[in-house]
There are 2 protein chains.
Amino acid sequence: MVERRMNSLVKWALILFVLVSIILNIVLIDLSLPKKVDVLAYLSETSPKPVREATAVVFHGSKGYIKEYVVGPLPNPTYIRDVTLEKYGITLPINARTVTIGEYNLLFKFLDAEVFSKLKKLMKESFDVDENKKLNPFEQMPRGLRSGDRKTWISFFRDVSGMYIHPVGFEVLVDHGSVDASQWKVEMLLYNGQYFNTVEELKQKYDAMSVKKIAYKESPDYDSLKPKNKPLQIGPQLFYAEGKRYSVSNNHVLYLDWSFAFGLSSLTGMKVFDVRFKNERIAYELSVQEAMSVYGSLTPGMILTKFLDSSIGIGRFAHELARGVDCPYEATYVDTYRYIDVQAPVRYRNSICIFEHNMGQPLRRHFGDFFHKSYGGMVNSALVFRTITAIGNYDYMWDFIFYQTGAVEAKVHATGYISSSYLVDGSQKYGHQVAENVLGNIHTHFINFKVDLDVLGERNVFQTKDMEYVNVSLPWKTDHYAMVPQLVEKQLKTEQEAALRYGTKTPRYLHIASNKTNKWGHQRSYRLQVFSFTGDHLPESEPEERSMSWARYKVAITKYKDSEQTSSSLYSQNNIWSPAVDFSKYIADDESIEDQDLVAWVTTGFLHIPHAEDIPNTVTVGNGGGVLLRPHNYFDEDPSIHSADSVYIKPG
Amino acid sequence: MVERRMNSLVKWALILFVLVSIILNIVLIDLSLPKKVDVLAYLSETSPKPVREATAVVFHGSKGYIKEYVVGPLPNPTYIRDVTLEKYGITLPINARTVTIGEYNLLFKFLDAEVFSKLKKLMKESFDVDENKKLNPFEQMPRGLRSGDRKTWISFFRDVSGMYIHPVGFEVLVDHGSVDASQWKVEMLLYNGQYFNTVEELKQKYDAMSVKKIAYKESPDYDSLKPKNKPLQIGPQLFYAEGKRYSVSNNHVLYLDWSFAFGLSSLTGMKVFDVRFKNERIAYELSVQEAMSVYGSLTPGMILTKFLDSSIGIGRFAHELARGVDCPYEATYVDTYRYIDVQAPVRYRNSICIFEHNMGQPLRRHFGDFFHKSYGGMVNSALVFRTITAIGNYDYMWDFIFYQTGAVEAKVHATGYISSSYLVDGSQKYGHQVAENVLGNIHTHFINFKVDLDVLGERNVFQTKDMEYVNVSLPWKTDHYAMVPQLVEKQLKTEQEAALRYGTKTPRYLHIASNKTNKWGHQRSYRLQVFSFTGDHLPESEPEERSMSWARYKVAITKYKDSEQTSSSLYSQNNIWSPAVDFSKYIADDESIEDQDLVAWVTTGFLHIPHAEDIPNTVTVGNGGGVLLRPHNYFDEDPSIHSADSVYIKPG
Ligand SMILES: [Ca+2]
Ligand SMILES: [Ca+2]
Ligand SMILES: [Ca+2]
Ligand SMILES: [Ca+2]
Ligand SMILES: [Cu+2]
Ligand SMILES: [Cu+2]
């Protein structure tokens, strides 16, 4: 069981905690990834197991910087090493840090003292706020306009469970740049579309009746997810008539011809490693890298909003999955443990689910009608590996799906609450009204996956295939010409050539290929088929763009480096103008990608123009994207032909 | 039950048969579609039921033309009317006719007499063909190079169930243009990559050893769909713990808030009518129109191939579905009846299936973590309405899926055998080798759907929505500018403006909208979200292009006309150069599409570069396309919130 591995995590974390957390402010402990070469040697049984190490992130508030330390060996650490410079090449300024629960508590106290307690009359009349009833804050990011800024527009919402779609029309800009909270200050306020420089100015003008007042009105609970009708008859259920055909042991899954290891990073989320089909490694790593959104708004709470979720923590919000809703009732549920912004590791019960699903369609079939009447087919049963991460308003569903054809799919769907803003004149340029006084703001969803395929070893090439009409003369009637589709194949040589930008025509087939050939002489390959409905990427002229430069590309291919583990970082959100990781630098050196260990960075997503049906929740249907990794001349024939699920019928 | 309606079909067809089929050569009888205005009046209970009529297609071979007749009223017809000119505006030349079973029989006899019996030695030595063993023909289309031609390249394959991937390297060009089979002749032959003008020339050169001979070799049955392994443990199954939540009565389906009528045309295939959600009509018709493929090849058997399946009949090949593979075991199976190229109507048992499926994911969910801990969600259970049509080598799976959000999806997946050709020098420009001496030829799949949405009545407009970055000054810091996404909305005015070509940038959101507004003042609309991986469309300069001109467009919007029922026709394949229906003419008059009854013609599909894993069958995963029709400000909130499947959990 996963518990075993996690128990050792508990053990070393506690040791570490005792050793250093009294002195230092540790914010995050996560397992470090060993060097790929060491892991491969271990997996091929030519080397011992690599030493396990942990990475600890420490905010040195008083010194003005952040440090990352590697601690090892686990489970009984004896050394600690500062790896900040070797990892990022720069020092990390303290203002790049994420906002901790500690800082939030200070912020809430600050707002109470400096804003709410000074605006009691307004608060009561406009929002029915008093000792018994409060508003909830939702902050926008980035926090300012330039590096070093830590100035956050905080928007206020009704204190209901779906607060995100109940904006009240009150927003406050707080400068919390100082590590000393007594230095913080309110820089500006927005009330019902009007700006005020100070709390006092708002109070005076409000009392002087020179502002357009919001009069409190009870609002219906259109955010409620409570059932409005009693279940009469439950829908179709899945059952394993003959038991499960997969097994989960520690963090390792076996399913028919598949095997893989899995992990969940507090920051980037779900990942699988050493993905094998018929005992041959296909991928070293498939993982979520980043979920980014750019919003449009008239009001300051969302006008500059660019969320980079991995800075807050995607995997961090992988909570308990609801049986029968989030995953089928009979799925296998696995607990995870995390140490982020807490005093000790926390167990998250049932936060991963694994199940085989009947996809409700044949994987392949043929009905022969002409010369030989027969039927052959096979139902599409596939293994789904899932987490769902609820990062504030949004819930992202992350699926890795393993098919009996040797294909594996990484998919994401969005659900949960949209972000919204209080409707003022001119708002409608930025979205649609979705409830009384509520604008659903236009935004993009960009998701980045890391796809480290290793096709028959690490040395691979990147090839593209497409079609082209060529005017050819007919061989039996050479004076007659016709446009005939031909196959066009290319091998891209360098990282920049293989950085396939959004908005450009790209070849339809993208392959990570080996130089080894299949029985028919073709290079064995896996094809990347990307499903995406992304909106436009932020123009590169914007200073915030560098921290999300991976989103320029549908697919970008890099030469693997241990030092280029992720396309984003914990520090991208709060130092967005000068990010610790700028993906475009991975390809700036334009290295050769021929016969190298290649990594594909795949971007998918969708443009979201919210509409009334996003209330109360965005639905998953149609709101997603993904990438299918499919064998293409990797085998000599479709491997599913060997599946015991095959069916053949011949009329007697 | 559906049987009732079908029995009346049997009745009138028999009457018709007795009346006229002795004199005329009736090839097809299908129900005619009544005028939409009459149907709507009937559905709104302001008019009686429209008279039921049938269309009969007759090949007047000796007169050199084809006629279409309308016969009515059913079930006891009293009149017959020639509608050819009013329907097509042209007379239909006899060479536009489809090849009937009768003509095939004559063709096979012709080949036996004129080719096989004259090449016995070659046949035995090269292909092991003798009295006990034959080859199977697979013909390529179009049949020639210009209007009036009926010259077909027939390729030969081994006589096995998956013959399509066993080409032997022998192809014959037969001119069967005359309605008198004694006038037919062999125009050319291809053997092992060499061309011969006559059978005699091939025979002589073969005997004289001046051709490169093919020596027969037993080949493995890599086409076999027979299971290679015994089932040990069956995969997950679906079951209805509390019974089915849908009902099928005649050709009418009820499912939770949905209702629709369905039909299956022998030519175009699956269609649904009068699709209602919460008793409000959303679509008058959703239907399959055409499945088209353009192939590339070095050899003549596929160099010009452009299949237009509706000319052969898509629905015609909707055969019995395999329980537990094609559809879940517990699905509801419905019989259909057809009269095409037979002497009497034929019943096709279990050729449609209907089932509710647990899609294995939440339709929506939110886990609240911050201020209010609670969970709300709902599993995605949807109704699937399916046929699978096996047109020769290929099997297309057609799904209409009805979601509890008010969305409906039309989807197609391809499976079955690829078309292949015998490998010769230079073949590899046109595909990949997939078996010994076998090339899987590159080809496109283009699928056309008719989507006649009626959003709150027939008078609708076509609108697009997208995003655009605009440089705006920050309201609280006006000297600072930032690029912020804005919503861009347009209403397209005419058919040509709304013909959205492949290869051009098109707005991301496409809507059929009413002028009526929802609670929040937005025009109620349905959005068309197209999933497609199509290859390039045949250049318009090609004379064959006009019969597939619908494939120029991702989406094209026309003003509804009873006379523009389909985007293709029975006569498109065999008179491809001068088609009876040229879709581009529907939009050539560039009519206004504002406040009109609109029809969206949606094209989807994929580029298929065959690879070893297409052997034995192409798999459905990743090989498909479709269109999702989703409410967008149609409601005031997501209707699934009223579903009894909703779940809510609050920690006690
Ligand atoms: Ca590089
Ligand atoms: Ca690699
Ligand atoms: Ca028109
Ligand atoms: Ca319409
Ligand atoms: Cu969204
Ligand atoms: Cu294909």
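**Notebook: chains A and B**

Entry 1. I began with polar contacts and found that 83 residue pairs, both members at pLDDT 80 or more, are in polar contact across the interface of chain A and chain B. I then asked which element of chain A gives the most to the side that touches chain B. I found strand E19 of chain A, residues 346-368, with 13 residues. Sorting the residues on that side of chain A gave me 84 nonpolar, 53 polar and 33 charged. I note that the model is a predicted one.

Entry 2. I turned to the extent of the interface. I recorded 170 residues of chain A in contact with 170 residues of chain B. Pro236(A), Arg365(A) and Trp476(A) together supply 6% of the area that chain A buries against chain B, more than any other three residues. For the area buried between chain A and chain B I noted about 14700 Å². Carbon and sulfur atoms give 61% of that area.

Entry 3. I looked up charged pairs between the chains and noted a count of 6 salt bridges between chain A and chain B. I inspected the salt bridge of Asp326(A) with Arg365(B), in which the closest N and O atoms are 2.8 Å apart.

Entry 4. I looked for strands that pair from one chain to the other. Strand E11 of chain A (residues 237-239) is joined by 3 bridges to strand E11 of chain B (residues 237-239), and the two run antiparallel. Which residue in E11(B) is the bridge partner of Gln237(A)? I found Phe239(B) in that position.

Entry 5. I followed strand E31 of chain A, residues 523-531. I asked how many of its 9 residues are buried. The answer was 7, and I noted E31(A) as mostly covered. Strand E30 of chain A (residues 509-517) pairs with E31(A) in the antiparallel sense over 5 bridges. Within this pairing, Tyr526(A) in E31(A) is the bridge partner of Ile512(A). The hairpin of E30(A) and E31(A) has 5 residues between the strands, and there I noted Gly521(A) with a positive phi near 85°. I also found E31(A) joined antiparallel to strand E34 of chain A (residues 624-632) by 7 bridges. In E34(A), Pro631(A) stands opposite Tyr526(A).

Entry 6. I widened the search for salt bridges to all chains and obtained a count of 92. In chain B, I examined Asp130(B) and Lys124(B), which form a salt bridge with the closest N and O atoms 2.8 Å apart. Asp130(B) is partly exposed at 27% relative accessibility, and Lys124(B) is partly exposed with a relative accessible area of 37%.

Entry 7. I next examined Lys213(B) and Glu125(B), whose side chains meet in a salt bridge at 3.9 Å, N to O. This pair links distant parts of the chain, 88 residues apart: Lys213(B) lies in the loop between helix H6 (199-207) and E11 of chain B, and Glu125(B) in helix H5 of chain B (residues 120-127). I noted Lys213(B) as partly exposed at 31% and Glu125(B) as partly exposed at 35%.

Entry 8. Are Arg276(B) and Asp274(B) buried or exposed? I found a relative accessibility of 16% for Arg276(B), so this residue counts as buried. Asp274(B) is buried as well, with 10%. These two residues form a salt bridge with the closest N and O atoms 3.0 Å apart.

Entry 9. I closed with chain A, where a network of salt bridges links Lys121(A), Glu125(A), Lys203(A), Asp207(A) and Lys213(A).

Key:
Residues are numbered from 1 along each chain as its sequence is written. Chains are lettered from A and ligands numbered from 1 in the order in which they are written. This is a predicted model: local features need pLDDT of at least 70, side-chain atom pairs count only at pLDDT 80 or more; totals for chains, interfaces and linings use all residues. Side-chain values use heavy atoms; hydrogens and water are left out. Contact means heavy atoms within 4.5 Å. Buried area is the accessible area (1.4 Å probe) that two parts lose on being put together, summed over both. A salt bridge is a side-chain nitrogen of Lys or Arg within 4 Å of a carboxyl oxygen of Asp or Glu. A polar contact is a pair of N or O atoms within 3.5 Å; within protein, one must be able to donate a hydrogen and the other to accept it, and residues adjacent in sequence count only if both atoms are side-chain atoms. Helices (H or I, at least four residues) and strands (E, at least two) are DSSP runs, numbered from the N terminus. Ala, Val, Leu, Ile, Met, Phe, Trp, Tyr, Cys and Pro count as nonpolar, Asp, Glu, Lys and Arg as charged, and the others, Gly among them, as polar. Two strands pair if DSSP finds at least two bridges between them. Buried means under 20% relative accessible area, exposed over 50%, partly exposed in between (1.4 Å probe, protein chains only).
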